[in-house]
Amino acid sequence: MKRMRTDFMILTADTSQMDDELKCTSLDTRDKFTWRFTPDGSYSASSAYRLQFVGSVQTAFVQLIWKPWATPRCRLFAWLFVQNRLMTADRLLARGWPNGYFCPLCMRSLETATHLFIECPFSRQVWAGVAIIATAPSLAPSSWGNHHRSIDWMAGLSEGLPSLEASRVRSWTLLVLWHLWLERNARVFIASLSPVRSLLARITDEAAAWDLAGAKISVARE
Ligand SMILES: [Zn+2]
């Protein structure tokens, strides 16, 4: 009962304040609709389109993975790689699942995604070879900086390049990542081992096939 009386007092106070405010309000002017997402308050389709992205988080995935020319499987694979979702030995080990521990490409270090694609001496020879084949110096490990995250490493490969050339280098990156993984799987699952030279030949062949399909990745672009 006491509670109801308190609520009633608050309601009375609120309506009396509303009454005061209404007395100062003129009803002579007509209501007007305004669109608060443009400076002049008028609606535009472009402002409504931009509104959809308010609050969204920008990632580099679009520029580095989804936009460059590549086959869907290469894109999906790179997306898993940059999020450390590949079933490499370190992740199998953490789950207590069977694993070979060592990187199958060099047999020297624990297999992690970062080691496999960026640090491994075998992979670095492949990247160096591809840098020459593709006329893309930024793919050579000698030009790489230190990056803690694989997505930053990927971004660094095409950093500062003109748009078309950056896109071409990104396509090559997706292609090489995929072929390094295929070589890794061949060694793990069917004990088939290819030297750097053979792997480079396979990458070159697939690059030519991509070109036939419209990728335009063989020739450097301004
Ligand atoms: Zn290795």
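From the N terminus on, the elements of the chain follow the order α-α-α-α-α-α-α-α-α-α. The model is a predicted one, and its chain holds 10 helices and zero strands. Of the 222 residues, 25% count as buried. Among contacts with a separation of 6 or more, 52% join residues that are 24 or more positions apart. Helix 9 recurs in the points below, which cover the nonpolar core, helix packing and selected loop residues.

**Helix 9**

- Helix 9 spans residues 163-189, a total of 27 residues.
- From its first C-alpha to its last, helix 9 reaches 39 Å, close to the 39 Å expected at 1.5 Å a residue.
- Alanine 191, just after helix 9, takes a positive phi of about 50°.

**The largest nonpolar core**

- In soluble globular proteins, nonpolar side chains tend to be buried together.
- The largest nonpolar core in this model has 39 residues, and the members that touch the most others are Val130, Leu139, Trp172, Leu175, Val176 and Leu177.
- Two or more residues come from each of helix 3 (61-66), helix 4, helix 6, helix 7 (121-133), helix 8 (150-157), helix 9 and helix 10 (196-212).
- The element that gives the most to this core is helix 9, with 10 residues.
- Valine 176 touches Val126, Trp127, Val130 and Ile203, when residues up to four places away in sequence are not counted.

**Packing of helix 9 against helix 10**

- The axes of these two helices come within 10 Å and cross at roughly 135°.
- Because an angle of 135° is neither over 145 nor between 65 and 115 degrees, helix 9 and helix 10 are oblique to each other.
- The crossing of helix 9 and helix 10 is right-handed.
- Helix 9 makes the contact through Leu175, Val176, His179 and Glu183, and helix 10 through Leu199, Arg202, Ile203, Glu206 and Ala207.

**Packing of helix 7 against helix 9**

- Helix 7 and helix 9 have axes 11 Å apart and pack at an angle of about 145°.
- The crossing of helix 7 and helix 9 is right-handed.
- Ser123, Val126, Trp127 and Val130 of helix 7 meet Trp172, Val176 and Leu180 of helix 9 in this contact.
- Val176 thus appears in the contact with helix 7 and in the contact with helix 10.

**Loop residues with a positive phi**

- Most residues other than glycine have a negative phi.
- Asparagine 84, which is not a glycine, has a positive phi of about 55°.
- This asparagine 84 is found in the loop between helix 4 (72-82) and helix 5 (89-95).
- Asparagine 84 counts as partly exposed because it has 14 C-beta neighbours inside 10 Å.
- Tyrosine 101 also takes a positive phi, near 65°, and lies in the loop between helix 5 and helix 6 (113-119).
- With 12 other C-beta atoms within 10 Å, tyrosine 101 is exposed, since the limit for that class is 12 or fewer.

**Proline 104**

- The loop between helix 5 and helix 6 also holds proline 104.
- Proline 104 is buried because 20 other C-beta atoms lie within 10 Å, and 20 or more are required for that class.
- Leaving aside neighbours within four places in sequence, proline 104 is in contact with Glu111, Arg184, Arg187 and Val188.
- Proline 104 and alanine 186 are 82 residues apart in sequence, yet their C-alpha atoms are 9.4 Å apart in space.

Terms used:
Residues numbered from 1 in each chain as written. Predicted model: local features only at pLDDT ≥ 70, side-chain atom pairs only at ≥ 80, totals over all residues. Helix = DSSP H or I, 4+ residues; strand = E, 2+ residues; numbered from the N terminus. Expected span 1.5 Å × (residues − 1). Core = buried A, V, L, I, M, F, W, Y, C linked by C-beta atoms within 7 Å. Contact = placed C-beta atoms within 7 Å. Axes fitted to C-alpha atoms, helices over the stretch in contact; angles between N-to-C directions. Parallel < 35°, antiparallel > 145°, perpendicular 65-115°, else oblique. Left-handed = near helix turned anticlockwise from the far one by under 90°.
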